[in-house]
Structure formats: C-alpha cells, structure tokens
Amino acid sequence: MKIWEKGFSVNDKIERFTVGQDRELDKYLAPFDLLASQAQAKMLASSGLISKAEETQLLTGLAELRAQVEAGTFVIEPEFEDVHSKIEYYLTDKFGDAGKKIHTARSRNDQVLTAIQLFIKDYTEKIGAKILELADLLIRQGVKYQHDLLPGYTHFQAAMPSSFGLWFGAYAEHLLLDMSLLEAAHTVADHNPLGSGAGFGSSFGIDREQTTREMGFSNLAISAVGAQMLRGKTEKTLAFAIAGVAGTLSKLAYDLVLYNSQDLGFVKLPKEFTTGSSIMPHKKNPDVFELVRAHCNRLQALPNDIILTINNLPSGYHRDFQLLKEILFRPMTQFADILDILLFAVPVLEVVPGVINQPKYDAIFSVENINQLIQRGVPFRDAYKQVGQAVDAGTYVPHKEFTTSHLGSVHRPGLPELGARLQQARARLPWAGGAAAE
C-alpha cells in the first residue's frame, strides 16, 4: 500500500526507520493534501488527461475524506506509510482506475511540498492574526496604565523613571516589527510547486497556472528545480519568524516574572493564575510566565536545528527533509498555545500604583535634577558633577515634578501612533483572509 509499490516488500526494520513519525505528523498535512489533490483532479480533467466522470468521482472521494478530517475520524492506518498513500488508496479502492490516475504528472516530491506550502501559508495567516491580537491587547493595556510610573532598569539597577504606557507599547511595537518576519515566511510559502514533479517537470501538457488559482496561491514556483528547493527554505524562513516573535515574548515574560516578585512588586497576578509551594504556604509563583520564557527560549533554537539538518544538501530532493516535519510541526502548535495563554493571562495583570514613590527610587530622578540645572543655564557637565556630588554627600533632593513631551517618552508613549501602525499592519496583510484550507 505504497504509492511507489513495485511488487516487493521492504525489510520491516528499514520500513519502521524510514517511515519515522510520518503517520502521526502527516495529520497536519491531510486537509492540505486533499486541497492539492482536488486542484490536481480539476487540472487533469481540463487538460484532457482524465474524463469528466473521473473528475467527479475523484472530487467526491476527496470531499468524503475532507469530511472525515473535519470530523476527526480520519486515520492513517499502520499499513500506509503516509497520508498520501492513504488518500490514493481510498480513491483507488472506491473508484478503481480513476483513483490510479490522480497521480498523473505528479511526484510525491511535489505532492508533499505542495501540502507543506499550503500548511505553512495557512499557519502564518492564523498565527499572524494571533500576534496582532496580542499587540492590540498590549496597546490597550498601555492606554489603561499609561499614567502609572515605574522605575526603569539598566544593569539590573534602578536607572530612570519609566511608565507602563511606555513599557506595554514597547512590546506591542516589537511584535509589529516581528510581523515582517512572518510576512516573509508567508511570501515564501505562497508559491505553488505542484507540477514540478520530481524536480524536472512533466512531458504532459499540464496547466500549472490553473492549480495555482485553484489552491489560492498568489505565485507559481516557475522553475521545476527551483520549486523543489523550496523544501527547507520555507520551513527555515518560518522558523526564523517564530524565533523572532519568541525572542520578544521571552523578554516580556522575564520582565513580568521580575515585576511580579516581592522585591519589585510592580504587577500582581490573580491567585488563580499562580501556583504554590509544597512547603512554603506564602508562595504564589508566576509559573505561567516562567514556562512561556522557557518555551520561547527553546523555540529560538528552531532555525539552528533546521540549518544543521539540511545545510550541506545540494539541489533536488533528499530524504533528510523528512526530519523537518519532526523539528517544526509540534513547535508550531506549541507557539500558537503560547500566544493563546498570553492572550488569556495579560488582561488580568494588575498594575500596582505608586511604586515609584518609594524612597529607594529617589535616585532615579537625578537626571531630572540635572535637566533642571541645565534649564537655568548650567552646562551639562557641570550640572552632572553638581548632582553627583549631592548624591554622594546625602544632600540630593529628587526633582520628581517633570514632564516629557517628545514622542516615545514616559508621558507620551505614542500609543495612538502604535495603534495606527497596528491598523496598517492589518490592512497590509491580505493573507489574514487567505484562500488556504479552512
């Protein structure tokens, strides 16, 4: 029951090793392989390679399989090496010769590659919506707490006054920057390789433009050789995008772990969002953010894992590519779960007001004392020395009454401007409602 069956059996041990985790991981690809096979059947009929009756049979069978996938009853039994074998067997078993013809002018190389392209294209659309939702949430939290000041830190030392409007806005802005990486991954995935065969095209007069339209791709991967080179490039580009967002979220989570500590106490989580200690009854641990930090740190290793797996390969297909599914598919799901838990937890964060008024933070207003002297005509270097000497002598009195006015500062964090960028990002990404399988 292999689509390359030629009348002999593969050694059982070799079979288990080469199949690997394909039966389980190919469930991710099932709806997209069905979409591609539907486009293939329509194109074969339009090109005169199968009859209209055979097209109807194939489309009926593919719709039945699609219903199984949606109902959660689709199974790849142990006798099949992958989802592609299962689909072709189902069509052949039900419709005979029509099922045997679905693979005309198609190789498993471009079949697998097309399903992966569609899968990643669909994924970037859905995950992009989640990232923009989180950016929107952070902006709204920034608006809510924009007047709450907190100490800003450098070198883990209290440095200068900051604000929660500025802090929340910073992470929203960087998620919007990270979207450019995701958009690049979508662009690479939005190329149709179907019809490239094993990497050298076909002598049949197939219509690759038709399948491109049928599957909702914006672009056709023109060169048959170049189409095959998408395998690995698409996964690696997505891995860099995930790693970029994960870097931002890891830093966000680390900040929140620190800000939630008793020593800082800038934010509070509801007790229902924390865990306790088996021995210390007072503990309320922010495990959710610690795990986000750890998961995101691991996700940042994805590009390196992919590079080490395929970096020295020449053009053409190589079985090494099979491992990319193991490396990438489950982390893709995990990344979506991380975004979901942040969307759940961030809205309930409670900012503690007035933390900056504690005497231990008086020194962070020293720059404002310098600025006050400068406004009186004292040169910066002289003002710096005077304030420094006052701090050392214990005569320093903080100048806490200050206002910033430039865009991106403590009292003007630029949240409306970031909101406008968010709307531009949504409008710029037509793939938020793309044509991939639903």
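Which residues make a nonpolar surface patch of about 340 Å²? Phe-200, Val-225 and Met-229 do. Keep in mind while you look around that this is a predicted model.

## A patch on the surface

Let's stay with one member of that patch, Met-229. You'll find Met-229 in the loop between α10 (224-228) and α11 (230-259). Its relative accessible area is 47%, so Met-229 counts as partly exposed.

## Helix α4, end to end

Now scroll to helix α4, which covers residues 52-71. You can check its length with a bit of arithmetic: at 1.5 Å a residue, its 20 residues should span 28 Å, and the end C-alpha atoms are 29 Å apart, which agrees. Right behind the helix comes Gly-72, with a positive phi near 80°.

Which residues of α4 are buried? They are Glu-54, Glu-55, Leu-58, Gly-61, Leu-62 and Leu-65. These residues cover an arc of only 135° around the axis, which puts them on the same side of α4. Here's the background: an α-helix has 3.6 residues a turn, so residues three or four places apart point the same way. The buried residues of α4 pack against α3 (30-46), α5 (83-95) and α6 (97-101). On the face turned away from the buried side sit the exposed residues Lys-52, Ala-53, Glu-70 and Ala-71.

## A salt bridge inside α4

Two residues from those lists pair up: Lys-52 forms a salt bridge with Glu-55, and their closest N and O atoms are 2.7 Å apart. The partners are three residues apart in helix α4, which means about one helical turn separates them.

Is each partner buried or exposed? Lys-52 counts as exposed, because its relative accessibility is 58% and the cut-off for exposed is over 50%. Glu-55 has a relative accessible area of 9%, so Glu-55 is buried.

## The loop after α4, and helix α5

Between α4 and α5 there is a loop, and Val-75 is found there. Val-75 has 40% relative accessibility, so this residue counts as partly exposed. Try picking out His-103 as well: Val-75 and His-103 are 28 residues apart along the chain, and 21 Å separates their C-alpha atoms.

Helix α5 passes the length check too. With 13 residues, α5 reaches 18 Å from its first C-alpha to its last, close to the 18 Å expected at 1.5 Å a residue. The buried residues of α5 are Val-83, His-84, Ser-85, Lys-86, Ile-87, Glu-88, Tyr-90, Leu-91 and Phe-95. Among the elements covering them are α3, α4, α6 and α7.

## Salt bridges between separate parts

How many salt bridges does the count come to? The count is 20. One of them joins Glu-214 to Lys-42, with the closest N and O atoms 3.4 Å apart. Glu-214 lies in helix α9 (residues 208-215) and Lys-42 in helix α3, so this pair ties together parts that are 172 residues apart in sequence. Both partners are partly exposed: Glu-214 has a relative accessible area of 34%, and Lys-42 has 23%.

Another pair is Asp-82 and Arg-108, whose closest N and O atoms are 2.5 Å apart. Asp-82 lies in the loop between α4 and α5, while Arg-108 lies in helix α7 (residues 108-144), so the pair ties together parts that are 26 residues apart in sequence. Asp-82 counts as buried, because its relative accessibility is 3%. There is also a network of salt bridges that links Lys-121, Glu-125 and Asp-190.

## A buried threonine in α9

Helix α9 is worth another visit, this time for Thr-212. Thr-212 has a relative accessible area of 7%, so this residue is buried. What does Thr-212 touch, if you don't count residues up to four places away in sequence? Its contacts are Asn-192, Phe-217, Asn-219 and Leu-220.

## Further along: helix α15

Last stop: helix α15, residues 366-375. In α15, Ser-366, Glu-368, Asn-369, Ile-370 and Leu-373 are buried, and their cover includes α16 (380-393). Just after α15 you'll meet Gly-377, which takes a positive phi of about 100°. You've seen a glycine with positive phi before: Gly-72, which follows α4.

Notes. Residues numbered from 1 in each chain as written. Predicted model: local features only at pLDDT ≥ 70, side-chain atom pairs only at ≥ 80, totals over all residues. Heavy atoms only, no water. Helix = DSSP H or I, 4+ residues; strand = E, 2+ residues; numbered from the N terminus. Expected span 1.5 Å × (residues − 1). Buried < 20%, exposed > 50% of the residue type's maximum accessible area, 1.4 Å probe, protein only. Arc of directions from axis to C-beta. Contact = heavy atoms within 4.5 Å. Patch = residues over 30% accessible without salt bridge, like charges linked within 9 Å, V, L, I, M, F, W, Y side chains within 5 Å. Areas by Shrake-Rupley, 256 points an atom, 1.4 Å probe, with all protein chains shown as cover. Salt bridge = Lys/Arg side-chain N within 4 Å of Asp/Glu carboxyl O.
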